[in-house]
Amino acid sequence: MCAEASWSDSIVAQGDAVELVLTTGAAANGGSCVARHEGRVVFVRYALPGEVVRVRVTGDRGSYWHAEAIDILEPSPDRVESLCPIAGVGKAGCCDLAFAAPDAARVLKGQVVANQLARLGDFAWDGVAEPVGDGSARGWRTRVRLAVDANGHAGFHRYHSAELVTDLRCGQLREGLLDGMDAVRWRPGDQVHVVTDDDDTRHVVCTNRQQRRGHRAEGSYDAVQRVGSRAWQVPVTGFWQAHRDAATTYSALVAGWSQDIAGGTAWDLYGGAGLFAAVLADAVGEHGRVLTVDTSRPASGAARAALADLPAVEVVTDSVRRALTAQRGGADIAVLDPPRSGAGREIIDLLARAGVPRVIHIGCEAAAFSRDIGLYRGHGYAVEQIRVFDSFPLTHHIECVALLTR
């Protein structure tokens with residue numbers, strides 16, 4: 001809502017920029033808080049609910065504006081000194097909630113997910129984001145991709161900008177992950193992929209649009225990732241969970257929700273390197289079947305190598321839509337971990353048509369996840385549980401996992 005106490009709403013032109021004094025309301029999906037000025041919605045970044053802030057308008061979308069808080073006039077009690085030295089207004093876009101106390105940030109993330117589920121999924125949920133591992137807000141990231149500027153310096157993008165911040169002290173990063181990276185002059189326009197794997201080995205691979213495999217600058221092209229007693233060789237440029245404890249956390253959850261399917265069929269969709277296929281193979285046993293599907297050939301190759309001892313697992317490199325259309329029978333359970341855009345209507349329609357009675361759906365974007373929950377419910381699925389994880393501390397991002405049955 002608009003400021004009503006010691007600060008009154010005002011609008012000031014500063015050169016070509018417009019500045020306002022506003023009171024922020026609830027957190028919105030995407031990392032902003034909602035405020036209003038003369039009936040217009042203003043999405044304010046770098047603010048917390050209930051603060052009085054001076055903002056600079058950064059985008060005019062007609063019915064609403066985007067803005068960033070440049071001066072905190074009345075701070076929230078949940079505001080702390082930034083936990084990332086390079087993030088904030090005009091700085092790197094890496095840690096857009098670094099100024100929020102970690103416990104408070106998890107509450108905010110839960111509220112955002114609840115709001116999206118109510119709006120887009122027609123489902124009431126009330127909870128907070130859970131910590132992952134020991135819950136540390138700093139030092140959790142083991143995989144990062146840097147851009148390279150025209151002078152050969154690696155760095156992080158400013159928010160919605162092609163400009164880079166070449167100070168590499170991001171608060172998310174595991175200690176030592178980028179040691180020495182600022183002393184190297186890279187090829188302008190390259191991307192630098194850096195991973196510290198579960199053997200504590202650092203790997204650095206540089207890629208550009210012309211190179212499919214890339215150039216190895218340090219370590220290997222593949223990183224060793226472990227969950228329990230199983231190891232994967234995952235391409236440094238490929239996908240694996242960035243949080244050091246996320247893969248173990250999600251595997252344990254999927255295992256707990258995949259009981260009583262011995263001898264059955266399981267589908268692991270958008271399966272990547274086969275993290276969940278390994279869990280599902282344990283659940284179906286030697287007389288069951290697991291189909292894991294992903295469009296990425298390197299990911300499928302990693303899955304085939306890591307799961308070669310599991311005869312129940314079939315690895316398919318194809319789109320999920322084509323793979324599901326080709327199935328002559330159904331499955332007892334499906335696990336989906338789609339990209340940020342979600343699974344969408346076509347895929348969920350195919351699952352429902354196949355009569356899959358149990359679905360574990362994972363989503364890393366609250367709106368897309370909530371929309372998908374609504375689509376499942378439209379097919380008669382009941383939401384048994386929803387868990388929300390603070391898998392990306394210091395940022396507004398989350399990971400949602402739902403168990404649905406029909």
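In this short talk I will walk through two sheets, a helix pair and several individual residues of this structure.

Before anything else, please keep in mind that what we are looking at is a predicted model.

Let me begin with the sheet that has more to say about the annotated positions later on. Here 8 strands form an open sheet, and following the order across it we read E7-E21-E22-E20-E19-E16-E17-E18, with pairing that is mixed. The edges are taken by strand E7, residues 130–131, and strand E18, residues 313–317, and because each of these has a single partner strand, one side of each is left without a neighbour in the sheet. Within this sheet, strand E21, which covers residues 382–390, and strand E22, which covers residues 399–405, pair in the antiparallel sense over 7 bridges. If you want one pair of residues to look for, Phe389 has Glu399 in E22 as its bridge partner. Across part of the sheet lies helix H2, which spans E19, E20, E21 and E22 and runs at about 165° to E21.

Now to the positions that come from a record. UniProt, in an unreviewed entry, lists Gln241, Tyr270, Asp294 and Asp337 under "binding site", and it places the feature "active site", again in an unreviewed entry, at Cys364.

Starting with Tyr270, we find this residue in the loop between strand E16, residues 265–269, and helix H3, residues 275–284. Once the neighbours within four places in sequence are set aside, the contacts of Tyr270 include Asp294 and Asp337, along with Val293, Val320, Leu336, Pro338, Pro339, Ala343 and Ile347.

Asp294, for its part, sits in strand E17, which runs over residues 289–294. Is Asp294 buried or exposed? Its relative accessibility is 13%, and because buried means under 20%, Asp294 counts as buried. Leaving aside sequence neighbours within four places, Asp294 touches Tyr270, Gly271 and Gly272, as well as Ala299, Ser300, Val316, Thr317 and Asp318. There is also a polar detail worth pointing at on the screen, namely that the side chain of Asp294 reaches the backbone nitrogen of Ser296 at 2.9 Å.

Cys364, the position with the "active site" annotation in UniProt, is found in the loop between E20 and H7. With a relative accessible area of 18%, Cys364 is buried. Which residues does Cys364 contact, when neighbours within four places in sequence are left aside? They are Arg340, Ile398 and Glu399, and Glu399 is the residue we met a moment ago as the bridge partner of Phe389.

From Cys364 it is natural to turn to helix H7 and its packing. Helix H6, residues 344–353, and helix H7, residues 366–378, pack at an angle of about 35°, and their axes are 10 Å apart. The contact is made by Gly344, Arg345, Ile348 and Leu351 on the H6 side, and by Arg371, Asp372, Leu375 and Tyr376 on the H7 side. As for the handedness, H6 passes H7 in a right-handed crossing.

The other sheet is the next stop. In this one 6 strands form an open sheet, in the order E10-E9-E8-E11-E12-E13, and the pairing is antiparallel. Strand E10, residues 164–165, and strand E13, residues 215–218, stand at the edges with a single partner strand each, so one side of each is left without a neighbour in the sheet. Strand E8, residues 143–148, is joined to strand E11, residues 191–196, by 5 bridges, and the two run antiparallel. In that pairing, Val144 stands opposite Val194 in E11.

Two loop residues deserve a look for their backbone angles. Asp200, in the loop between E11 and strand E12, has a phi near 60°, which is a positive value in a residue other than glycine. Asp260, in the loop between helix H2, residues 246–256, and E16, likewise is not a glycine and has a positive phi of about 65°. Asp200 is exposed, with a relative accessible area of 55%, and Asp260 is exposed as well, at 78%.

I will close with Glu68, which belongs to strand E6, residues 64–74. Glu68 is buried, with a relative accessible area of 17%. Not counting residues up to four places away in sequence, Glu68 touches Val44, Arg45 and Tyr46, then Arg54, Val55, Arg56 and Thr58, and finally Val89.

Terms used: Residues numbered from 1 in each chain as written. Predicted model: local features only at pLDDT ≥ 70, side-chain atom pairs only at ≥ 80, totals over all residues. Heavy atoms only, no water. Helix = DSSP H or I, 4+ residues; strand = E, 2+ residues; numbered from the N terminus. Buried < 20%, exposed > 50% of the residue type's maximum accessible area, 1.4 Å probe, protein only. Contact = heavy atoms within 4.5 Å. Pairing = 2+ DSSP bridges. UniProt positions renumbered as here; feature names shortened; annotations may be inferred. Polar contact = N/O pair within 3.5 Å; in protein donor to acceptor, adjacent residues only side chain to side chain. Axes fitted to C-alpha atoms, helices over the stretch in contact; angles between N-to-C directions. Left-handed = near helix turned anticlockwise from the far one by under 90°.
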